[in-house]
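Thank you all for coming; I would like to walk you through one chain this morning, going slowly and explaining each term as we meet it. Please have a look at the sequence and the structure first.

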Amino acid sequence: MVPTPGRCWRRTRTVRRLCDDQTPGLPAGAGAELSRRHAIAATAAAAAATALLRRFPRRPLRSPAREVAPDGTAAYSMAMHVHSSFSEQSGSMDSQLFQAASNSVDVLWWTDHDVRMDGIGYRRTVHFTSLTAEAGGPGQRGPWIWTKTQSGPLAAGSGGGIVGTPCSPNDPVAGGSMHLAASSAATGAAKFGYYADCHPAGWNYRDNLTGQSLAIDVLLTDGWTRGYLELLIDTSFHQAAGGRSAGDYTLSYRFVPAGIRAGRTANGIDGVITVPVPRTSGRNPWCTVTINPSADIAALWPDLDYRDFALWGLTLSAASDGDKVSGYFDYLRFNRRISGEAFLRQQADMGAAAARRYPAVVQRQGLEVSWGLPHLNWFGGNVTVPDYAGTTLGTYARYLQDTLVPQIHAGKGLVSYNHPYGYGDEARLPAARQGALLVQVARALLPTATRPAAVGADLIEVGYPLRQGVDLAHHVALWDVMSRNAVFLTGNGTSDDHFGQNWSGIKNNWVTSTWAASTAEADLLASLAAGRAWCGSLASYRGSLDLLVDGSCPMGSVSVSRLTSRQLVASATRIPAGGSLQILQGAVDYAGTAGLAANTRVIGAYPAARLAGGPVSQRVDTRQGSFVRTQVLSSSGTVIGLSNPVWLLRSAPPGGIPARRAA
C-alpha cells in the first residue's frame with residue numbers, strides 16, 4: 001500500500017475474526033530484561049512443579065487407583081478460579097493448563113472477567129495532554145499514570161515528557177504530544193520512555209489482543225539512523241516451546257527513518273517489528289502507523305495459538321544505538337473488533353485446541369461476573385456474558401440476586417460468592433480489624449426478608465490463607481456463621497491466579513476436590529451442589545476427606561432427626577506425617593445478626609497414624625441441631641485442608657432443604 005501524506009500503513013496479515021482484580025503487575029517497560037527475569041523464575045517454578053508431581057503423581061481420570069467413596073463416586077481435583085489471557089495480568093490459557101498438568105489437577109474451570117471480555121470502561125483514545133491527569137473520554141474512566149522508565153548508559157540530553165507543540169493535526173484534541181529523546185553515553189544501547197500504568201483506571205487497556213489494532217501518530221526528528229522510537233507491548237506468559245524459554249512474550253515496534261528496511265524477527269520470546277516512517281508533506285509531517293499485534297504474533301511464533309496473548313503492558317520510548325534519537329508520539333487509538341460473547345466462544349474454541357497438548361486436564365467453562373462487588377463465579381450451564389444495560393453500581397447487587405443468579409440457576413449452572421472480604425493482596429490485618437470485617441461481611445451475607453443469603457449463591461470461597469489482609473481462620477469463621485444459620489453454602493478453596501507460573505508456590509494455593517461420578521460438567525455441578533467437596537493446599541494436602549452419619553447422611557447433606565446422638569464416620573487419607581484430623585461441631589442456633597462469630601468447637605482429634613488404618617468413628621451429641629465438619633492440620637498446627645459440613649438438625653430449617661442436600 002502506498003503511504004499517503006499524513007498517514008502510512010504497515011502491511012500485515014489479516015486476522016480471521018473469531019467467535020480486576022489483582023495486585024499491580026508492572027512490566028516496567030523493560031521487556032527483554034523482564035523476560036529474562038521471568039524466564040529464570042519460570043525455570044525455578046517448573047522445577048518445583050516437577051518435584052510436586054513426584055510427591056502427588058497424576059492418576060488417569062478412570063484409573064482404578066483413584067480414591068472412591070462408599071457411594072461409588074471418585075475423587076477429582078479442580079482449580080475453580082483461574083484467569084488467562086482474557087483477564088488483566090500475564091497468564092495465558094497455555095500457562096494455566098501447564099500448571100494444572102504439572103500439579104496433577106484434574107479439572108480447570110476458566111473464570112475470566114466478563115467486564116474485560118466486554119471491554120467495559122476501556123480506553124479508546126489517548127491525546128497526550130498530561131502524564132498524570134488526562135482522563136479518558138465518556139465511559140473510558142480516569143487518568144493513566146505515565147511512569148518514567150529507562151535503561152542503559154543514557155547521556156545528558158536524554159529525557160522526555162508532554163509538550164504543547166508539535167502535535168498531530170489528526171488529533172481532535174489539540175495541544176499535546178509525548179516527546180522522547182535518548183542518547184547513549186557508551187557503546188551499549190540506551191533507552192528512555194514512559195510505561196502506561198492503567199491501574200488507576202481499572203487496568204483499562206489490559207485485554208486479549210485478538211482482533212485488536214492500535215494506531216498512533218509518529219513524528220521523527222531529523223539527523224539520526226542508529227536507534228528507534230519504540231512502542232513496546234508486553235504480552236502473555238507462555239511455557240517453553242519451539243526451543244524458546246518460558247516467559248512473558250514481547251512485541252517491540254521500532255519506528256525508524258525512511259530508507260531503513262522493514263522487518264519482522266523473533267529473538268526467542270521477544271519479537272521485533274521494524275517500521276520505516278516515510279517523510280510526509282510539509283503541512284502535515286506526522287505519520288499514522290497502524291499495528292496488528294495478533295497478526296505479528298501469528299507470523300513470529302506460528303507454533304503457538306496467536307489468540308492466547310493479551311495486551312499486558314504498553315511503553316513508549318526512544319532508544320539510542322549511538323545517535324541522539326528523538327521524536328514524538330500523539331493520538332493513540334485502540335480498535336477492538338471482538339468483545340463479549342465472541343470472546344467467550346473464542347475461549348471455548350481455544351480450549352478445544354489446547355486439549356491436544358494437555359489431554360490429562362479437563363476444561364470446563366465458567367466466567368467471573370465482576371462489573372461491581374461482589375464478584376461471582378458462574379460455573380457451567382448456559383454461560384453467557386451478562387448484559388448490564390440499565391444497571392448501576394447502586395443496583396448491581398439487586399441485579400445479581402433478582403436477575404442474573406436466577407438466570408444461572410435456570411440454566412442449571414452454579415454460583416460462587418468470590419473472595420468475600422475483597423480481592424486485594426494486602427498484608428495481614430490486626431486481629432481486631434479482621435474480627436470487625438467478619439461482623440460486617442457476615443451481616444451483609446445473611447438472608448433478610450427481602451434478600452437471599454449471599455445474593456443466592458451456591459458456593460463461597462473459603463480456602464484463602466490470606467486475602468485482603470484477612471486470614472484463613474476468618475474466612476472459615478464467616479462460613480461457620482452461615483452454617484450456624486442453616487445457610488447451606490459449599491465451601492471451596494481457590495487461588496484466583498492470574499499468572500500461571502507457580503501454582504503450588506504462591507500464598508493462596510488451594511484447590512477444591514469433589515466426589516463425583518465423572519468429570520462431566522453435570523456430574524461435577526451435582527457434586528458441588530450437594531456439598532460433596534473438600535479443599536486444601538495444593539502444596540501441603542492432597543488427600544481426600546469425607547463424612548458419613550448413620551450410614552446414610554454424607555458430607556454436605558442435611559438430616560432432620562429427633563435422635564439425641566448420631567454415629568459419625570470421618571475419613572481422611574494421606575495426612576502428612578505429624579499432622580492430624582480435627583472434628584468440629586457448631587450449633588445451628590439461627591442466631592442471625594445477634595451471633596456474628598463462629599461457634600464451632602473441637603469434639604475429636606486424631607493423629608495421622610490413627611487415620612492410616614482407615615476412617616475413624618465417634619458418637620455426636622445431637623440434642624441440639626448442629627453442623628459437623630473436619631479440618632486437617634500440618635505438623636506445625638496449620639490448617640491445610642477442610643471438609644464441607646454435614647448438618648444434623650432436629651427440625652426442618654425455615655428456608656427448607658435444597659433437594660440435592662436432603663438426606
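How many of the twelve residues of strand E17 (residues 325-336) are buried? Before I answer, please keep in mind that this is a predicted model, in which local features need pLDDT of at least 70 and side-chain atom pairs count only at pLDDT 80 or more, while totals for chains, interfaces and linings use all residues. Residues are numbered from 1 along each chain as its sequence is written, and side-chain values use heavy atoms, with hydrogens and water left out.

Ten of the twelve are buried, so strand E17 is mostly covered, where buried means under 20% relative accessible area, with a 1.4 Å probe and protein chains only. Strands here are DSSP runs of at least two residues, and helices are runs of at least four, both numbered from the N terminus.

Which strands pair with E17, if pairing requires that DSSP finds at least two bridges? Strand E9 (residues 212-220) does so in the antiparallel sense over eight bridges, and here leucine 214 stands opposite phenylalanine 334. Strand E6 (residues 177-182) is also antiparallel to E17, joined by five bridges, with leucine 180 facing glycine 327. Strand E3 (residues 125-126) has two bridges to E17, again antiparallel.

Let me turn to the nonpolar cores, meaning sets of buried Ala, Val, Leu, Ile, Met, Phe, Trp, Tyr and Cys residues joined through side-chain atoms within 4.5 Å. In the largest, of 64 residues, Leu478 and Met482 touch the most other members, and helix H8 (residues 472-484) gives the largest share, seven residues. Apart from this core lies another, of 51 residues, and Leu180 is among them.

Conventions
Buried means under 20% relative accessible area, exposed over 50%, partly exposed in between (1.4 Å probe, protein chains only). Two strands pair if DSSP finds at least two bridges between them.
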